Amino acid sequence: MQRQIEIEALLTRFSGINVAGLDFLVELALDLSWYWDHSADEIWQKLDIDLWEETHNPWVVLKTVSFDVLKAFLSDQDILHKISYLKEKRRPEEGKRWFHENYTGEQLTQVAYFSMEFMLSEALPIYSGGLGNVAGDQLKAANDLGIPVVGVGLLYQRGYFRQLIGRNGEQREIYIHNDPGQLPIVPLRLKNGEWLRLKIEFSGHTIWIRCWEVQVGQVRLVLLDSNDVANFPAHRGITSELYGGGSELRLQQEIILGIGGWRLLEELDIVPQVCHLNEGHSAFVLFERARYVMQRTGQPFAAALAISRAGNLFTTHTAVPAGFDHFSPQLIEQYLGRYADKELGISLQELLGLGRLNPQDSAEPFNMAYLAIKGSGAVNGVSKLHGQVSRELFQPLFPRWPRASVPISHVTNGVHMRSWDSEAADALWTKYCGKSRWMGETDQLDEKIHAATDEELWAMRAASRNEFVAFVRKRMQQNLAASGASYDEIAHSYQLFDPYTLTIGFARRFASYKRPTLLLQNRERLRRILSNSARPVQLVIAGKAHPSDPEGHAMIKEWVAFSREEDVRSRVVFLPDYDMYVASRLVQGVDVWMNHPRRPWEASGTSGMKVLVNGGLNLSELDGWWDEAYQDGLGWALGDRQSHENDPNWDGIEAERLYDLLENEIIPEFYNRDTSGIPRGWTAKIRKSMSLLTPRYSTNRTLIEYVEKYYLPAAAAVKSRMDAFGEAGSEIMQWKRVLHNNWQKITFGELIIEKEANGITFKVGIDLCGIMPEQVIVELYADGIGDSEPTQINMERESFETGGKEVMYATQVDTSRDQNDYTIRIKPYYEGVSVPLEENLIRWHR
């Protein structure tokens, strides 16, 4: 598994060029951590400016350039000095980072981060949108912070589609082949040079899986790919495209990701303490990890899962049940029936039960999210509001447990600010916070950036907006030419937008719940806003609709048609082919980022976070991250924090609110300039938003929270359970058997309530019927009031019995609440076991 082989292969191509710097150029081109650093961009621009501008792919530039060009290039003393500078720049970054300054490798050796997609660079198009954005930004932050993470994903032959807007305004999908030779990836090889390939059994067939590696600084991303020449043609196409095909193809991909992903880690001698599942697509890794524990400890599957689940973390990003992958029992039997029997030693029904609400319902589909929950030691949503939504969504898995007790917490997403800041923003942040500001904790950044002057903030915004206008004109020219537009239409693109005009952006996946056409509800009013000569506004719209979503296609067509109307065509553009590169230019250039999904369907949303570092302001629905971030002076909010489902009347109300905000607050404040031409009220909002929100919604905070809240405890827990050949797994299963055999026999005696001067005493006798008192917790419980947490007080076991088998429990509370607010409940207890996640039994007195 020597990555160096691929580097040497390229150097062999240039064997006639014996010049300094070539080996380092190869390292630069294959290390994606330089792709967002931008300090090496000058090198690729000078090698081939046209190819660089079209691809932003250093590996392609380096592999395409001629011998003579490269030889002359590396003879240039300025270039050699630049290479020396980059080498020196790299050395301090290879030193100790946040994690190693605070923790040891023994506390956390390795985290495996599984995701269906990763958005790392436009040069590696294996992403669709938000999920990949989160995965990619978190890998980048893991590198910055020195957190030991390895990413596991799939290499798609076509990735997600590219978008072209046709002459009639329709979305056209174009699928581009991902030539591995032009991607910044290398095959994983064995020590003898052989390509590392895995064998996976698929419904009676052997599938060969090719393995690749992506370097992200000190972090690795390994990718699996079914396009092996030894495979049957249909099987070669399993990893053909992201989110394409039907249910069977999706199941095949998820088996490769989960089962194949763990086996690849084993081949690489990587045994992660923590498996982090970014959504439920990779949940089959839970089976394979349990199988690994079975082999190492000799424990049966149930005990092995009890051991391994302590090291698994499931992050859910979905806010509606339809968002989870479901598979028919027949498909699961076809692909995993033999695996269950031969590899896991369990029946098909036992395996199916792990993906069902009711394990006994033979018709119920297999739910990947249910499997992820039943095989993990912790579960989290991706914003505070989404945590609440997820507890409601998954409450059926925890019958008789109050919603507040459903074991799902949250870690609000963040974004990798270094990937999304403009050149002007980077310069300003560097001046006040230093170049290494995003390489550790961000506690002090708010005070430092707050010192930036109004003049500096406004100059930054002006420079970024000017760059964006130039980008829009060039991009529209290219897309119009590709779609067969007329000469006049193409010529008009050179006049689009104005660098001094308030610029508002909306760029999302075109799905009905995101309401992308909300601003079109009153077109006459929108026209007046856009065409006001004294206080003009320009609007850029971007986004893709899923190929199978006709409603999304229709909404795109609406916006394209509106943008082509004569009286607004210079003020509105629909920017085609929204990808990572377009997104970066958008978030750098717009003054206001607009987002108005139906609450609470936006789990988190990260697009609005990306404008923060660039001094952009948010105008957003109180949903996802904005629900917890918004406060007066930070931007503008839509909504009443209630759910209105698909109510068209509410859409009309919010559209009017949107127009009101634009006309009465946003536009006037942008154009309210002092004698020096600076809108002081606007720059005050920029300063407040940049200082308060940018550090808080960076992936630095997110990853540090994951490490301290989940990764470290999970690593310690799984290590403890693996000790003594997994004896803890057997003991946990024995504890469960005792509970399940006797739980329904538990009886409550008389509840005695005594009011005293200093409080209220509750006493109750309980017959545990064969369950040891140490195996349960008896609590006095009261629901929370308003947004407050429930009251949960452990009742003390008295030292005497009431004459029979009952054990007396008692506790005292103050008189701040009525005695009728309280009840008694019994829940299982085993040290280190998460209840109700790992055992959902509960008994209530009433």
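The chain holds 30 helices and 28 strands, where helices (H or I, at least four residues) and strands (E, at least two) are DSSP runs counted off from the N terminus. Its radius of gyration is 29 Å, close to the 28 Å expected from the globule rule for 846 residues, so the chain is as compact as a globular protein of that length. Here the radius is taken over C-alpha atoms, and the rule is 2.2 Å times the number of residues to the power 0.38. All of this comes from a predicted model, in which local features need pLDDT of at least 70 and side-chain atom pairs count only at pLDDT 80 or more, while totals for chains, interfaces and linings use all residues. Residues are numbered from 1 along each chain as its sequence is written, and side-chain values rest on heavy atoms, with hydrogens and water left out.

Laid along its principal axes, the C-alpha trace spans about 95 × 70 × 50 Å. Buried residues make up 60% of the 846 residues; buried means under 20% relative accessible area, exposed over 50%, and partly exposed in between, with a 1.4 Å probe and protein chains only. Of the contacts with a separation of 6 or more, 72% are between residues 24 or more positions apart, a contact being heavy atoms within 4.5 Å.

Helix α13 (residues 301–308) is a good place to start on the inside: 7 of its 8 residues are buried. These are F301, A303, A304, L305, A306, I307 and S308. The cover over them includes α12 (285–297), β10 (312–315), α14 (329–344), α16 (368–374) and α30.

β10 also has a strand partner, as 3 bridges join it to β13 in a parallel arrangement; two strands count as paired if DSSP finds at least two bridges between them. In that pairing L313 stands opposite A378 of β13. β13 pairs with β14 too, again in the parallel sense, over 2 bridges, with N380 opposite S409 in β14. Both faces of β13 are covered: A378 and N380 on one side are buried, and so are V379 and G381 on the other.

β13 turns up again at the second largest pocket, which has a volume of about 1,200 Å³. For the terms: on a 1 Å grid over the protein atoms alone, a cavity is a set of points where a 1.4 Å probe fits but cannot get out, a pocket is an open set with protein on both sides within 12 Å along at least five of seven lines, and lining residues have an atom within 4 Å of a point. Grid points are joined across faces, edges and corners, and a volume is the space filled by probe spheres set on the points. This pocket is lined by 43 residues, with Q388, R391, R403, A404 and E789 lying nearest its centre. Two or more lining residues come from each of β13 (378–381), α17 (384–393), β14 (409–410), α27 (624–629), α30 (699–742) and β27 (823–828). α17 gives the most, with 7 residues. By class, the lining splits into 20 nonpolar, 10 polar and 13 charged residues; Ala, Val, Leu, Ile, Met, Phe, Trp, Tyr, Cys and Pro count as nonpolar, Asp, Glu, Lys and Arg as charged, and the others, Gly among them, as polar.

β27 also belongs to an open antiparallel sheet of 4 strands, in the order β24-β23-β27-β28. The edge strands, each pairing on one side only, are β24 (791–794) and β28 (843–844). Strand β23 (residues 776–782) is joined to β24 by 4 bridges, and there E779 stands opposite N794.

As for enclosed space, there are 3 cavities of 30 Å³ or more. The largest cavity holds about 70 Å³, and its lining has 8 charged residues alongside 2 nonpolar and 2 polar. Among the lining residues are R515, R598, R599, E621, E645, D647, D651 and E654. Helix α28 (residues 648–671) supplies the largest share, 3 residues.

The second largest cavity, at about 40 Å³, has a lining of 9 nonpolar residues, with no polar and no charged ones. I504, L519, L526, I529, L530, V537, L539, M594 and L662 make up that lining. At least two of these residues come from each of α23 (523–530) and β16 (537–542), and α23 provides the largest share, 3 residues.
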